Amino acid sequence: MSSRPIRFNAFDMNCVAHQSPGLWRHPADRSWDYNTLDYWVDLARLLETGGFDGLFIADVLGTYDVYAGTDEAAIRQGAQIPVNDPLLLVSAMAHATEHLGFGITTGTGFEHPYPFARRLSTLDHLTRGRIGWNVVTGYLPSAARNMGDDDQLAHDSRYDHADEYLTVLYKLWEGSWERDAVRRDRAAGVFADPEKVHHIGHRGEHFTVPGIHLSEPSPQGSPVIYQAGASPRGRRFAAQNAEAIFVAAPTKAILRETVSKIRDELVAAGRGPYDARIYTLLTIITDSTPEAARAKAADYQRHASAEGSLVFMSGWMGIDLASYDLDEPIGNVESNAIQSAVAAFQQASESGDEWTVRDIAAWGGIGGMGPVLIGSGDEVAEALESWVADTDVDGFNLAYAITPGTFADVITHVVPALERRGLYHRDYVPGTLRHKLFGRGDLLPDNHRGASFRVGGPASTIDDSIREVGAHGRLVAPGVLR
């Protein structure tokens, strides 16, 4: 067994049915409360008591309309529709917590990088360096159509576009303002030194951005970069950019292969094999005894929606599963959506049998693409330890059956069991999200692609004169009465 500490992220979305369609009907579920700040603040506070690395909030800019060629089933099931913007949640949650990180999903396909750079820098300031960005290139055709295009770009072309998108952002975050450009010199009347603020002069295939970044240097500069691509092109993109990588695999064998390929890609990109934390999607159903946990799982399963599951799987795989008989094997499929989803289910049966549509519907009823662990806290802790030992994964991106109940159960039953094994650290390291994850400072390391765009000035984390923290956890400027 591995003695490496296990890491947790909570996986949620600003909607009702995120990964477990139909469970919004459960009387203990609060996901229907997603459009209130109370839900999100309460969840953030709960996760911080459990020592979670962060709350990872997914997003889509479109509806799931691959299934039966319409979005009617998605609307009926509440399958990630209605869905609200994730970024607007962060300030309230950050104000209510001290350490929890926030990984926010937005796509590169439909928003210009220039205003987006400012939005992320603003959140990095307001969270005191606890923001991360999950880079997605998009996969739903409905999103493209509603932005004026016929469909998404071809799979690899989306990553080519994203490469330049990230280049513009790195130039703005790392190459525009030197870290000591802001002087706040009252005597001289100089707030910032113009000689240390640089126009980036970017002109590329997709974007022309000649000017300066609109925000002063934030605690992390570039936010922590999250990425979830598992195709060969996606892995290459992740290895060049990501510091936290999310994967989903139905079996240990598939996960082990995926993690190994990612580690190799990181080395090929000039980084260390562990320079990105790898989290795999997982759902935990637990209670005080094995019997209670299994009874809880059976109760949850009675609320799961097979139609909602197939809505999601059709969107993720790029296949209209309504056109198949429930007992028909999927077969070999070329997909322009999430290619890794197709590949995973083609390999998932350890007996060698190919999965049918019915198998996929049952699998996706709770927890989406990831496996579900059911058991007491000690049973789940033992299983998690074996997953880390057998696959070399760093941690788990925890989906929920019901929220916040699933997360509360993990904190009540699983976290103490892991702590007894010496496999979980509930106490946080001070500092930014990047420093909490790696323990080597607030800024991008020198071997990261983004660091190559950095301009002069000391590599300090933030001006010491404004880093003092007041009694209520707020930054205090010099000379301000507390």
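Is Gln-80 buried or exposed? Hold that thought while I set the scene. What you have on screen is a predicted model.

Start with the overall picture. The chain runs to 482 residues, and buried residues make up 57% of them. DSSP gives 15 helices and 13 strands. Now take the contacts with a separation of 6 or more. Residues 24 or more positions apart account for 76% of those.

Back to the opening question. Gln-80 has a relative accessibility of 2%, so this residue counts as buried. Find Gln-80 in the loop between H2 and H3. Its phi is positive, about 55°, and it is not a glycine. That deserves a remark. Most residues other than glycine have a negative phi, and most peptide bonds are trans. Stay in this loop, between helix H2 (72–77) and helix H3 (90–96), because Pro-82 lies here too. The peptide bond from Ile-81 to Pro-82 is cis, with omega near 5°.

There is another cis bond to show you. This one runs from Thr-403 to Pro-404, with omega near 0°. Pro-404 sits in the loop between strand E13 (395–399) and helix H14 (405–420).

One more backbone point. Ala-68 also has a positive phi, about 60°, and is not a glycine. Look for Ala-68 in the loop between E2 and H2. Its relative accessible area is 44%, so Ala-68 is partly exposed.

Next, the interior. In soluble globular proteins, nonpolar side chains tend to be buried together. Here, the largest nonpolar core holds 79 residues. Which of them touch the most other members? They are Phe-8, Phe-52, Leu-55, Trp-133, Leu-384 and Phe-396. Helix H6, residues 155–175, gives the most to this core, with nine residues. Another core lies apart from it, with 34 residues. Phe-246, Trp-355, Val-357 and Leu-437 are among its members.

Zoom in on Leu-55. Leave out residues up to four places away in sequence. Then its partners include Trp-40, Leu-43 and Leu-47. They also include Met-93, Leu-100 and Phe-102. Asn-9, Ala-10 and Asp-12 are touched as well.

On to the aromatics. How many aromatic pairs does a search of the whole structure find? It finds 18. Take Phe-8 and Phe-52. Their ring centres are 5.5 Å apart and their planes meet at 45°, so this pair is tilted. It links distant parts of the chain, 44 residues apart. Phe-8 is in strand E1, while Phe-52 is in the loop between helix H1 (37–49) and strand E2 (54–58). Are these two buried or exposed? Phe-8 has 0% relative accessibility, so it is buried. Phe-52 is buried as well, with a relative accessible area of 0%.

Compare Tyr-170 and Phe-453. This aromatic pair is stacked, with 6.0 Å centre to centre and 20° between the planes. Tyr-170 lies in helix H6 and Phe-453 in the segment after H15, so the pair ties together parts that are 283 residues apart in sequence. Tyr-170 is buried, at 0% relative accessible area. Phe-453 is at 23%, and the cut-off for buried is under 20%. That value makes Phe-453 partly exposed.

There is also an aromatic cluster. Its members are Phe-11, Phe-56, Tyr-226, Phe-246 and Tyr-279.

Move along to Thr-280, in strand E11, residues 277–287. Thr-280 is buried, with a relative accessible area of 1%. What is Thr-280 in contact with, leaving aside its neighbours within four places in sequence? The list has Val-247, Ala-248, Ala-249 and Leu-255. It also has Val-393, Gly-395, Phe-396 and Asn-397. You met Phe-396 earlier, in the largest nonpolar core.

Last stop, the second largest pocket. Its volume is about 350 Å³. The lining has 21 residues. Which lie nearest the centre? Pro-5, Arg-7, Asp-53, His-425 and Lys-436 do. By type, the lining divides into 10 nonpolar, four polar and seven charged residues. Strand E1 (7–13) and helix H15 (433–438) each supply at least two lining residues. H15 gives the largest share, five residues.

That is the tour. Questions, please.

Key:
Residues are numbered from 1 along each chain as its sequence is written. This is a predicted model: local features need pLDDT of at least 70, side-chain atom pairs count only at pLDDT 80 or more; totals for chains, interfaces and linings use all residues. Side-chain values use heavy atoms; hydrogens and water are left out. On a 1 Å grid over the protein atoms alone, a cavity is a set of points where a 1.4 Å probe fits but cannot get out, and a pocket is an open set with protein on both sides within 12 Å along at least five of seven lines; lining residues have an atom within 4 Å of a point. Grid points are joined across faces, edges and corners, and a volume is the space filled by probe spheres set on the points. Helices (H or I, at least four residues) and strands (E, at least two) are DSSP runs, numbered from the N terminus. Ala, Val, Leu, Ile, Met, Phe, Trp, Tyr, Cys and Pro count as nonpolar, Asp, Glu, Lys and Arg as charged, and the others, Gly among them, as polar. A nonpolar core is a set of buried Ala, Val, Leu, Ile, Met, Phe, Trp, Tyr and Cys residues joined through side-chain atoms within 4.5 Å. Buried means under 20% relative accessible area, exposed over 50%, partly exposed in between (1.4 Å probe, protein chains only). Contact means heavy atoms within 4.5 Å. Rings of Phe, Tyr and Trp (its six-membered ring) pair if their centres lie within 6.5 Å; planes under 30 degrees apart count as stacked, over 60 as edge-to-face and the rest as tilted.
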